Amino acid sequence: MPNSELMPIGVFAQRSGLTPSALRFYADSGLLPPAEVDPVTGYRHYSTEQVARATALRRLREIAMPLAGVEAVLAAEGADAVRLLDEHVAKVVADAAEARRKAAVIKSALGGDAPGPTIAMLKGPVFADAVEQVLTATAREPSMPVLAGLRIEASQEALTLTATDRYRLATRTLMPAERPRRAWSGTVDGDGLRAAVAEIRRSPVVRLEAVPHGVWFRVPGREDQYCGALTEEFPDHRLLLASLGEVTTRATVPKDLLLRALEEHPGDRVALHVTPKRVDVGDHAPIPATATGRPLRIWFELTTLYPALSTAIGPDVMLDLRGDDQPVTVRSADRGDLTTLIMPVKAG
């Protein structure tokens, strides 16, 4: 290889973003041997063709991939390399979720959380389903971490779960197997709750127990789950619900047909045109419907409308509309206790 194509280790370090000491380490490990080593001085030189491999190696190490994994990815091609990368990221995410869960338990113990009063007693699978349905309305925003949380409110009549990302607001009401002894409300970490749901789902019953810094989910015969509380104030969703205007148009639509039309719709915005006997999705997808009130054309972001419809329970969804610029309530026709409030967008 001509010397003009080689560069000393210091120059190669600058080109690749790796330090000279890291390059020596990767050379000794066999991942990135130099193109040439001076037999007298021992100086290492690298070729320009090695910059891409060195850059890929650095990026893989930046996401905490072990050396064996780095070697496998660099040796693989196309789909195999992508699969190995996806598997690593999935493991990192799972490990982080488990670490977060364990840290919450440790913080609970350090904070002296003694057994607290029971919030509610529910069927495990029912509670798990409700949590997953409502958590679709969460969002991760560093400036407002509470938007990733789930609001739990218990009264003597019911347990209500609420989540919002400011564009959607989902709520589900559950009837406890035993009435709560006192009212309670709090916002718990959504990620922690997602991790706990798998264990809760396998238990016939789950008992929610309030402690100063979170909630314990007691599952008989299984490992109890803990979810830390969020201290930031939850958005005033009750004020929003109380300020909703009168419903001017109501339509009941087959859920599967509506979802299929949205999946086939081009673009990231979609218009629903509601008439007495059908709902048109865009310009080319009429769906039979039962509607009352005045005809209405209303626009949505697909990323807002689709999740609200997909989590609805039963074969039909009911849309309560208040005008083309007002929040729309998506109701499960068979289970009116699950509702999602979504915001439309300007026409076009």
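Select Thr162 in this predicted model and show what surrounds it: beyond its neighbours up to four places away in sequence, Thr162 touches Val134, Gly149, Leu150, Arg151, Glu153, Leu169, Ala170, Thr171, Phe234 and His237. Thr162 is found in strand S6, which covers residues 159-164. With a relative accessible area of 1%, Thr162 is buried.

Next, go to Leu122 in strand S4 (residues 118-123). This residue is buried as well, at a relative accessible area of 3%. Leaving aside neighbours within four places in sequence, the contacts of Leu122 include Phe127, Leu159, Leu174, Met175 and Pro176. Pro204, Val205, Val206 and Leu208 are also among them. For a distance check, pick the C-alpha atoms of Leu122 and Ser185: they lie 16 Å apart in space, with the two positions 63 residues apart in sequence numbering.

Now select Gln133, found in helix H6 (residues 124-135). Is Gln133 buried or exposed? Its relative accessible area is 15%, and it counts as buried because the cut-off for that class is under 20%. Outside the stretch up to four places away in sequence, Gln133 touches Arg172, Thr311, Ile313 and Leu338.

Stay with Arg172 and add Asp337: the two form a salt bridge, with the closest N and O atoms 3.3 Å apart. This pair links distant parts of the chain, 165 residues apart. Arg172 sits in strand S7 (residues 168-174), and Asp337 is in the loop between strand S19 (328-332) and strand S20 (338-342). Arg172 is buried at 4% relative accessibility, whereas Asp337 is partly exposed at 22%. Then select Arg207, Glu209, Arg218 and Asp224, which are joined into one network by salt bridges that share partners. In total, the structure holds 20 salt bridges.

Move to helix H5 (residues 78-110), where Glu87 and Arg83 lie 4 residues apart, about one turn of the helix. Their side chains meet in a salt bridge of 3.2 Å, N to O. Glu87 is partly exposed at 45% relative accessibility, and Arg83 is partly exposed at 39%. Further along, Lys91 forms a salt bridge with Asp95, the closest N and O atoms being 2.8 Å apart. Lys91 and Asp95 are 4 residues apart in helix H5, so about one helical turn separates them. Lys91 is exposed, with a relative accessible area of 52%, while Asp95 is partly exposed at 40%.

Switch to a surface view and colour Ile63, Leu85, Val89 and Val93: they form a nonpolar patch with about 290 Å² of accessible area together. Ile63 is in the loop between helix H3 (51-62) and helix H4 (67-75), and is partly exposed at 35%.

Return to the cartoon and find the open sheet of 3 strands, ordered S1-S3-S2 with antiparallel pairing. Which strands stand at its edges? They are S1 (6-8) and S2 (36-37); each has a single partner strand, so one side of each lacks a neighbour in the sheet. S1 pairs with S3 (residues 44-47) over 3 bridges, and Pro8 has His45 in S3 as its bridge partner.

Finally, zoom out to the whole chain, with its 10 helices and 20 strands. Its radius of gyration is 27 Å, against near 20 Å for a compact globule of 348 residues. The C-alpha atoms fill a box of roughly 90 × 60 × 30 Å along the principal axes. Of the 348 residues, 43% count as buried.

Key
Residues numbered from 1 in each chain as written. Predicted model: local features only at pLDDT ≥ 70, side-chain atom pairs only at ≥ 80, totals over all residues. Heavy atoms only, no water. Helix = DSSP H or I, 4+ residues; strand = E, 2+ residues; numbered from the N terminus. Buried < 20%, exposed > 50% of the residue type's maximum accessible area, 1.4 Å probe, protein only. Contact = heavy atoms within 4.5 Å. Patch = residues over 30% accessible without salt bridge, like charges linked within 9 Å, V, L, I, M, F, W, Y side chains within 5 Å. Areas by Shrake-Rupley, 256 points an atom, 1.4 Å probe, with all protein chains shown as cover. Salt bridge = Lys/Arg side-chain N within 4 Å of Asp/Glu carboxyl O. Pairing = 2+ DSSP bridges. Rg over C-alpha atoms; globule rule 2.2 N^0.38 Å.
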